[in-house]
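The following exercises are to be worked with the sequence and the three-dimensional model side by side. Each task is followed by a solution in steps.

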Number of protein chains: 2
Amino acid sequence: MPKNTDSTPSEKLEEFGRSILNDVKKGSNPRFITAVRSRSNVVYEEKEGYLTLGGAQEERNFINIAQSKRFMQTTAIAAKCHQFIRENLHTTIRGLFYQLKYSLGEDVDENIFNEQSESNPLIEDLEASLGIKREDLNLNANRKGVLAGNMRVMDSFGGEQLEIDASKQGRSGWAIPSDVDNDIQFVDVKAKYVLVIEKDAIWQRLNEDGYWKKENAIIISPQGQAARGARRLIRKLSDMGLPIYVFNDCDAWGWYIYWTIKTGSMNLAYIGKDIATPKAKFIGVTMSDLEHYEFLNKLTMRASEVDLKRAQEMLSYPWISKHKEWAEELKKVLKTKTKLEQDTLQGPRLTFVGEYLREKISNKEFLP
Amino acid sequence: MPKNTDSTPSEKLEEFGRSILNDVKKGSNPRFITAVRSRSNVVYEEKEGYLTLGGAQEERNFINIAQSKRFMQTTAIAAKCHQFIRENLHTTIRGLFYQLKYSLGEDVDENIFNEQSESNPLIEDLEASLGIKREDLNLNANRKGVLAGNMRVMDSFGGEQLEIDASKQGRSGWAIPSDVDNDIQFVDVKAKYVLVIEKDAIWQRLNEDGYWKKENAIIISPQGQAARGARRLIRKLSDMGLPIYVFNDCDAWGWYIYWTIKTGSMNLAYIGKDIATPKAKFIGVTMSDLEHYEFLNKLTMRASEVDLKRAQEMLSYPWISKHKEWAEELKKVLKTKTKLEQDTLQGPRLTFVGEYLREKISNKEFLP
C-alpha cells in the first residue's frame, strides 16, 4: 500500500498498480488495505475536534470468491481515474460509472458494473486506501454555494490563469467550485472573518446591504447543506486564521448543517481530517435570541417531530452535549417545542439582519 | 384597476392604492379584479406557443365577509412592496411574510398573517392584477443556474455598475440572478446560439472542454428544473434572435424541464407570456439516439413508473402530442420502458458529449 504522502494522486495510483503487479509477479495474492468506513469505526477526535475513522482496517483480496469481482472493479476505477488525471479532464462518479459500464466493449456480455451503487463504495475504498480525496482523482462532487468578499483567487482553467475577484461578482457572487484544492490558488484574502449563511435568500439580503464591504468579511452561503467544495473552502479560510461564524436556522436542518461544517459528518469521516472546521462557531439564530429580541417571540414556529427528534439525537452525541451551551439550547427546544428561522430577523426592517449580526459579533455571543 | 402598462411597478402600486381610496371616498365598495389562476383557466396560446390564463376573472371585494380579511392582507402586501421598492431593498416572499406578521406590533393580538400559505396566493393576485412579476415588487425568487459564454452584462448593484464578463468566470460560471430584468443590462452578446444543459455536471464537462469557446455558444445549466430567473434569461436570449437548444435526460424529469422552459408551466401560466421560450428546441438525448449511437443501448436504464406515467400524461397534452416527433418519442419510451441519461454520452470518452452535440447541431436534428 502506498505510504508516501508527498506523492501526487497520479503517483499514488501508479504505486497502487505496481504493488498489485508485484504481488502477481511474486505469485502472491494481490491485495490492498482500506479503512473500515461503517459507523462502528467512526470516532470523534477529541483533541482536534472532528469525526474521523478509527483503526479498523479491511483487506481486499483478489483471490477470494466474495471479493475478486470488486477487486477487479477497483483496479478498473483506479485505471480510469489515472487516465482522467493524465488527460487533465474531469467527470463525476456517474460519468466514471458510465465509462466503466461501456468499457468492456459491445462483444462482451458481462458488464464491469451494472449499477452505480456498485462503483460508489469502491471509489471510497480507493480514497481511504490511498489517503486522497475523489477530487484528487478528477472526480467532481456536486457543487453548491456562493461567496462574496475581499478575496481574490486564481482559477487555472482551460489553459488559462483567470483571476476571480470575489468583490466584483455583484448580486451573483462567486460560485464555489467542486474542488478548491487542485486548481484554485488564493491570491489574497483581506477579510477579517467569514460568515457562513445557511440560506441563499439571506445571503442575498446581506450582499445587497453591502454587509461584507462594511464589515470586511467574506460571506458564504452553502445554499443549504454544504457541499464538499464549500466545506473544504471554509476549512481553508479557517486555516488562514479567519474566524468562521455560522448563521443558520434554529431547527434540525440548521443544526445539522452547522455540525457537518464543524466536525464533519459520519459519512465523510474518512476525509474528516481535511473537511471539518473545528474552529467554527454558531452565531445564531438561537433560543436565547428570544430573550434578547422580544419581537422574535411573535415569529417562532412550532418545532416539527423531525426537529425534536434531531435535538434529542444531538444531546446524545458526546461531542455536542459536552458543550453546556448547546445542551441548554437543545433542552429549550425540547421544552418549548419551538423553532426559529433566520428569515425572521427581517421582521422589523430588512436591514435588521445585519444589525443583529454586528451586535452578536461585537459582543462575541456565539455557541461553540 | 390600473391599466397603463407603461407605468413602473411603483406607479402601478400607487394607482392600485388610489383606486381603493377613491372607492372609499365615493362610499362604494373597494374592489379590484384579478385573473382566475386555477387550472380550469389555463389555456395554451396556440399561435405564440405558451401556456397562459384564459379570460376568467375574479373580483376581490372589501365588503364581503369571506373576502375582507384577504382584501386587507393584499393591501398590506402592496404597501410593503411599495416600501421595498422605495428603499431599493429586496427580500423574498418569506421575508415579506415575516414583516407582515411582525407589523401589527406587539400590543395587537391579531396577526395580519399566521401562515405563509396565506400570503403567497395574494402576492400572485397582485402580480396577475397589476400585470407585473413579483421580481418587479423587489421579491426575489429562488435562484439557480450558471452561464458561460461570450456575453457581458452590467449588474447595477450596491450603487455600483459592475460589468460581468461571462467568458471570464472560469470553472464557476456566472451565477444567474433571481431577476434579470430590473437590474441586469446586456452589454453585448456575441454568441451564435444557446445550449441549455439540464445537469450541472455535464455543464462543467462542456465548460472544461471549452465547448462554448470553440462553438461560440452560451452554455447555461438551470441545474435541474429552471428557476424563474433562468427561464426569463433564456427567453431574453431567444428574443435577441439566438437559437435555444435544450439538452436534457430522456426521462420524466428531463422532459418536464424542457416543456417548462418552452411553454411555461401551469403554475406560472399567469406570467407565461414573459417566461416561456416557445422557440426552444430539444437536442437530446432521445430514444432515436439509440439507433444512431449503438453503444448507448448498453447504457440505458429501466424507465420508472413516474417516467411512464409522465410520458402518458405528455401524450395527453395537445400542445405536445401535436408534434408527431414527440408523439413517436414518447410512444417508444412507453413501448420499450427504457430511459437514457445525458451522462451516458461520456461512455466512449469524456469529450464525446461535445462531439455528439456538434453532430446534432450541424445536422439540425432536434425535436420541436
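**Exercise 1. A hairpin and its sheet**

Task: In this predicted model, determine which residue of β7(A) is the bridge partner of V153(A), and describe the hairpin and the sheet around that pair.

Solution.
Step 1. The pair to find is V153(A) with I164(A), the latter in β7(A). A further bridge partner in β7(A) is D165(A), which is matched with R152(A).
Step 2. These pairs belong to the contact of strand β6 (residues 151-157) with strand β7 (residues 160-165) of chain A; the two run antiparallel and are joined by 6 bridges.
Step 3. Between the two strands of this hairpin there are 2 residues, and G158(A) adopts a positive phi near 55°.
Step 4. The hairpin is part of an open sheet of 3 strands in chain A, ordered β7-β6-β9 and paired antiparallel. The edges are held by β7 and β9 (184-189) of chain A; each has a single partner strand, so one side of each lacks a neighbour in the sheet. From one strand to the next, the twist averages 20°.

**Exercise 2. A strand with two partners**

Task: For strand β5 (residues 146-149) of chain B, decide which residues point one way and which the other, and whether they are buried or exposed. Then identify the residues that stand opposite V146(B).

Solution.
Step 1. In a regular strand, side chains alternate between the two faces of the sheet.
Step 2. In β5(B), V146(B) and A148(B) point one way, whereas L147(B) and G149(B) point the other way. All of these residues are buried, the cut-off for which is 20 or more other C-beta atoms within 10 Å.
Step 3. Strand β8 (residues 174-175) of chain B pairs with β5(B) in the antiparallel sense over 2 bridges, and here V146(B) stands opposite A175(B).
Step 4. Strand β11 (residues 217-221) of chain B also pairs with β5(B) in the antiparallel sense, over 4 bridges. In β11(B), the residue opposite V146(B) is S221(B).

**Exercise 3. Two packed helices**

Task: Characterise the packing of α8(B) against α11(B).

Solution.
Step 1. The packing of two helices is described by the angle between their axes and the distance between those axes.
Step 2. For helix α8 (residues 252-263) and helix α11 (residues 305-316) of chain B, the angle is about 35° and the axes are 8 Å apart.
Step 3. The side of α8(B) consists of A252(B), W255(B) and Y256(B), which meet V306(B), D307(B), R310(B) and M314(B) of α11(B).
Step 4. Sorted by class, this contact contains 5 nonpolar and 2 charged residues, with no polar ones.

**Exercise 4. The fold of chain A**

Task: What radius of gyration does chain A have, and how does the value compare with that of a compact globule? Add a description of the chain as a whole.

Solution.
Step 1. A compact globule of 368 residues would have a radius of gyration near 21 Å; the 23 Å of chain A agrees with this.
Step 2. The C-alpha trace of chain A spans about 75 × 50 × 40 Å along its principal axes.
Step 3. Chain A contains 14 helices and 15 strands, and 46% of its 368 residues are buried.
Step 4. Of the contacts in chain A between residues at least 6 apart in sequence, 71% join residues at least 24 apart.
Step 5. An exposed residue is D239(A), which lies in helix α7 (residues 228-239) of chain A and counts as exposed because it has 10 C-beta neighbours inside 10 Å.

**Exercise 5. The two copies and their contact**

Task: Establish how chain A and chain B are related, and describe the contact between them.

Solution.
Step 1. A turn of 180° with a shift of 0.0 Å along the axis lays chain A on chain B with an RMSD of 0.0 Å. The two copies are therefore related as by a two-fold rotation axis.
Step 2. In chain A, the C-alpha nearest this axis belongs to A175(A), at 3.2 Å.
Step 3. The same surface serves both copies, since 100% of the contact residues of chain A recur in chain B.
Step 4. The contact takes 43 residues from chain A and 44 residues from chain B. Elements of chain A that give two or more residues to the side touching chain B are α3 (93-102), β6, β7, β8 (174-175) and α5 (200-208).
Step 5. The most is given by α3(A), with 6 residues. By class, the side of chain A that touches chain B divides into 15 nonpolar, 15 polar and 13 charged residues.

Conventions
Residues are numbered from 1 along each chain as its sequence is written. Chains are lettered from A and ligands numbered from 1 in the order in which they are written. This is a predicted model: local features need pLDDT of at least 70, side-chain atom pairs count only at pLDDT 80 or more; totals for chains, interfaces and linings use all residues. Axes are lines fitted to C-alpha atoms, for helices over the stretch in contact, and angles run from 0 to 180 degrees between N-to-C directions. Two residues are in contact if their C-beta atoms, placed from the backbone, lie within 7 Å. Ala, Val, Leu, Ile, Met, Phe, Trp, Tyr, Cys and Pro count as nonpolar, Asp, Glu, Lys and Arg as charged, and the others, Gly among them, as polar. Two strands pair if DSSP finds at least two bridges between them. The radius of gyration is taken over C-alpha atoms; the globule rule is 2.2 Å times the number of residues to the power 0.38. A residue is buried if 20 or more other C-beta atoms lie within 10 Å of its own, exposed if 12 or fewer, and partly exposed in between; C-beta atoms are placed from the backbone. Copies are superposed by least squares on the C-alpha atoms of residues with pLDDT of at least 70 in both.
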